[in-house]
Amino acid sequence: MASGSRGIPLEEVDGTPDYCNESVFRRNTLPPRTYYIPKDALSLNGQWDFHYASSPLAAPDPTAENGQNPTDKHNAKYQWTTIQVPGHWQLQGHGIPHYTNVQYPFPVCPPFVPSENPTGTYRRSFFAPNTYETDPDQVRLRFDGVDSAYHIWVNGVLIGYAQGSRNPSEFDVTDYIDRRGPNELVVRVYQWSDGSYIEDQDQWWLSGIFRDVHLLYFRQTRIEDWSLRTDLDTGYKNGTLIAEIDVKAKSRSVIEVEVLDHYKLVGTAKDSGVGSRKVMLKIPIDNVNQWTAESPNLYTVWMTHMVDDAPYHRVEQRVGFRKVELKDGLICVNGKPIRFRGVNRHDHHPCFGRAVPLDFIRKDLLLMKRHNINALRCSHYPSHPKLLDLADELGLWVIDEADLECHGFYDVIARPLDIPEEVDYEERKKLTFGHAAKFTSDNPSWKAAYLDRMAQLIHRDKNHASVIIWSLGNEAFYGQNHKAMYELAKNIDPTRLVHYEGDPHAESADMFSYMYPSVERLISLAKTEGVRSDGTFEKPIVLCEYAHAMGNGPGWLEDYEEAFRAYPRLQGGFIWEWANHGLWKEDPDGKSYYAYGGDFGDVPNDGTFVMDGLLYSTHQPTPGLLELQKVYQPIKAELIDYSDVACKLRITNSYDFVSVNHLTATWKVEFFVDTTTSAGVLELPYILPQSSENVELDLRRPLPWLRPPMWLSVSFRLKSSTAWAEEGQEVAWAQFELGSNDGLPQGFLEVSSTRLALLPLRSELSGTLTTITGHNFTINFDNAKGYMTSWTTGGTPLLEPHPRTGAAIIPSFWRPPTDNDNPISLPYWKRFGVHALTSQLRFFDVTDTGNMVVITTRTFHSPPILSWGYLAHTIYEITIFGEIRISITLKPQSSDYVNTLPAHVPRVGLDLRLSRRLDAVKWFGLGPGESYPDKRTAQRLGIWSVDHVADLQTPYEVPQENGNRMGTRWVAIHEPQGTGLRAKAGDGEWSDNCERNFSFVATRHSAKALEEAKHPCDLVEEDATLLRLDAKVAGVGTAACGPGVREDLLVKVEEMKFSFVLEPLV
């Protein structure tokens, strides 16, 4: 360590902690630069000593006892333990994780933070590598992410201070380290700082050193920083590399830049000069291979600093040649408009929080590509720095966002005004956003902090082809500081566009950006916002957040895609969000689960709102991601002709840049009565991007008397392996019905072979019980209530009574709520008592003909307190073959004096209680996964089966309605040896508002159990198999944050007629 080296005082402004001063966010840090870790860097990741204190005043004093006197480690005054870096202290036994979406978890009085400011002191020793021994060279400490603010000491000397949790900081420690002996590094991290006010992103509050720490060694003669920009000529054919290089040197030196295409040198340039300087070199590249998200062609650039013709320092950077611009009011890359099929992604791991391993990040991006996602918004801060290397390589459009959000100021204004959440969002913005902006965004004392966050973002990530848009942050209202950020961004980097949703008139943004508008409003914005009288416009529209993917959802995906296709100004959007943020938690009682807000005793919290992703917390796909994959697929097939002379498909290529030459296509026709009947390879013509071609299949419509139900399936797969998927990966598919007869397949669990030689039926009345017996079966009805109570065949119970109602079959209108039901629909349905309907018997009759017993009932299903209900006219026909044919007419009834009917209910159908022994399920319908009216495109028609009812459940991490299967022709539930029952649509009347291809759910969980359970481990199974057969079910929508269920996909309260047939399987 250099003699006489002195540090800085603990506070820049005496009497005011650095972490409570918005003007102090960096002390003694080096200027920001591009991300680059030299090969000889020393990683300081690993195990550190750690002390946790309730406030900074209770933290150890790093200057009192430093690395030369390590007895402090054993000092009883301070309880030191160990901690893993990178990591968060709340996930390693210190403090608790805390989740809020909008609201601040502390009193709001910026820049001040609570006196109870948990403080983590990190300490470790290190030896500088032998290569660091030359004194004139520079040694730096680099921190890539520390939450939320920190001071650092080296060998007892206070070196510097930094905040900006997701931004890197570097400190020059050349004069403070001992290059031959041990060194002690101490980092004091503060949980809260004035920076916390502008880091109010929708995620867990987690503290500590959560990204890499390195000791870096730089020679005196070096390349300090570089900016590699690419440009294309007016024909977008030839490219130019513009290299701006910051050179450090004491004497004459040469900078050589070489451009390689797969190790082939395609361009080079040199600059010679004396001393430190800025170098600019332009290198033309003819017939350049452009970079796009669809064709991520990368070149390698070597930058070599030479002295006396000897290479002294070389750095390497991969670049993609592409040009981003606004043309005719649209975002264009390489001259062509693009469509974002994107997602918002936080850095999150279920065990490590934001300390996400690189292989976990890579798996995320591979999943995106394999599910037809082409764009990524880094929400709402710069992601792990190596993520962008992967995005460059795999091909993703990236919106890179500054670490800035202060959404909590909304509650500061809105709560005292008592503005209901039901008020239109645009109206709430008018009432609150201007006032909320005054705290920081429109406050000049915070300008420097805002600008620092923008500069840090751009300088770290400026050399990545995937980054085509900078974002000024998220949900930080709009003020003068955003205008300054925009100007700074354009000054540093004029080659990229700038995004900011909080700017309602796009004054400081190159596009209009919106969150969660309805499709109707979105289309209206496309037609009116910023549109001139002649219909032209200067800026496009993107949805930075839409289709909130919370729980069982999102709905509306295909509706949004239709709007994007119909209005080119709508250039797509980004689903909120990529993954649930559950944190794995193991309770003392043995329960374990992925936790959300409140599970750690964190108050205030925003509960389950952190579980709103397309992936589970494990980062495995939910049904929502599979639905998105289908909706986002870049190839569309339409059946345009099917006759006795031709079968033609129209194939549309929705890619923006590439043809379909990288794909193969196959087709098959299935009867679903035995096996595939015919199949073939579809020869794809050359189809330009954004265009269509017709292709013909070797297939013809059969003669009318030879037309069984048939379905044509077409699949498009990768012809060869890519960086993101293996050969054969399915990219798109389509399925078409070629016949209309939905007859039952043969050869499946046939009914008894004694069907034609059966005994006549016998019905007996005994008190309140009517018993029907036939060949090998018994069915019971409760005369007093009008319910079927049991059904036994061959000694095996098929249906059994519900322990509370006594009914084995009953009309039903309720299901468990989804996350999307909770804000609006659930309280509405419960206000009308839909969840609490009771049954009154109005009529009961038994008619026995010997070959059939007909039981007719009229029951009224209504809730306590209220005066509305459904009058159900039900006819049960029991045949000598043991079939039960059920025909139902439902008529809503209300008070004679005022209409007291609800407008809609969750579903209309039957609840059946089956014996638990009936566990295997086979069905002909949509599958294999769940489907709902606005979330069904990812499911294919087929014959599907599972061995256990549990396999039909979707394991949402917040229990809720799940597992519905639509488009069902029949469903069979049976014991392993085959005994059971099969349900199909009956031949009775089906009203137009019902779906003959019905829905079913088979589960072990009651609606009450699913609604009340906080986590899957809380679910209690019924000692039965619960079956729902539904004539109509509601969509799921996105009302947790966005539009609810589309009007025509609600289950309206109106007269309905439907019928089912139950058959015994023996």
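Which helix do the buried residues of H3 pack against? In this predicted model, the buried residues of H3 pack against helix H4 (425–437). Helix H3 covers residues 409–417, and Phe409, Tyr410, Asp411, Ile413 and Ala414 are its buried residues. Just after H3 comes Asp418, whose phi is positive at about 55°.

## The protein as a whole

The protein contains 11 helices and 63 strands. Its radius of gyration is 33 Å, close to the 31 Å that the globule rule gives for 1066 residues, so the protein is as compact as a globular protein of that length. Taken along the principal axes, the box filled by the C-alpha atoms is roughly 110 × 75 × 60 Å.

Of the 1066 residues, 61% count as buried, and the area that the protein exposes is about 40,700 Å², with carbon and sulfur atoms supplying 50% of it. If one takes the contacts between residues at least 6 apart in sequence, 72% of them join residues at least 24 apart. As for charge, the protein carries 106 positive and 139 negative side chains, and the centres of these two sets lie 3 Å apart.

## Strands and their partners

Strands of a sheet pair through backbone hydrogen bonds, and the pairing may be either parallel or antiparallel. Several strands of this protein can be followed from partner to partner.

Strand S6 (residues 119–127) has seven of its nine residues buried, so it is largely enclosed by the rest of the structure. Strand S3 (residues 46–53) runs antiparallel to S6 and is joined to it by five bridges, and here Phe50 has Tyr122 in S6 as its bridge partner. S6 also pairs with strand S12 (residues 182–190), again in the antiparallel sense, over nine bridges; in this pairing, Gly120 is matched with Val189 in S12.

Strand S18 (residues 252–261) can be read in a similar way, since nine of its 10 residues are buried and the strand is therefore largely enclosed by the rest of the structure. Antiparallel to S18 runs strand S19 (residues 264–274), with 10 bridges between the two, and Glu258 has Thr268 in S19 as its bridge partner. S18 and S19 form a hairpin with two residues between them, and in the turn His262 has a positive phi of about 50°. S18 pairs with strand S21 (residues 299–307) as well, in the antiparallel sense and over seven bridges, and the bridge partner of Val254 in S21 is Met306.

An open sheet of three strands is formed by S23, S24 and S25, in the order S23-S24-S25 and with antiparallel pairing. Strand S23 (324–327) and strand S25 (336–337) stand at the edges, and because each has a single partner strand, one side of each is left without a neighbour in the sheet. Between S23 and strand S24 (residues 330–333), which run antiparallel, there are four bridges, and Leu326 stands opposite Ile331 in S24.

## Backbone angles in the loops

Two peptide bonds in loops are cis, and two residues other than glycine in loops have a positive phi. The table sets out these angles.

| Place | Feature | Angle |
|---|---|---|
| Ser379 to His380 | cis peptide bond | omega near -15° |
| Gly553 to Pro554 | cis peptide bond | omega about -5° |
| Tyr236 | positive phi | phi near 55° |
| Gln690 | positive phi | phi near 60° |

His380 belongs to the loop between strand S27 (375–378) and helix H2 (387–394), while Pro554 is found in the loop between strand S32 (541–546) and helix H8 (557–566).

Where along the chain does Tyr236 lie? Tyr236 is placed in the loop between strand S16 (222–232) and strand S17 (239–248), and because its relative accessibility is 17%, which is under the 20% limit, this residue counts as buried. Gln690 has its place in the loop between strand S39 (676–682) and strand S40 (691–696), and with a relative accessible area of 53%, which is over the 50% limit, Gln690 is exposed.

Notes. Residues are numbered from 1 along each chain as its sequence is written. This is a predicted model: local features need pLDDT of at least 70, side-chain atom pairs count only at pLDDT 80 or more; totals for chains, interfaces and linings use all residues. Side-chain values use heavy atoms; hydrogens and water are left out. Buried means under 20% relative accessible area, exposed over 50%, partly exposed in between (1.4 Å probe, protein chains only). Two strands pair if DSSP finds at least two bridges between them. Contact means heavy atoms within 4.5 Å. The radius of gyration is taken over C-alpha atoms; the globule rule is 2.2 Å times the number of residues to the power 0.38. Accessible areas come from the Shrake-Rupley method with a 1.4 Å probe; for residues, only the protein chains shown count as cover. Lys and Arg count as positive and Asp and Glu as negative; His and the chain ends are not counted. The place of a charge is taken as NZ of Lys, CZ of Arg, CG of Asp or CD of Glu.
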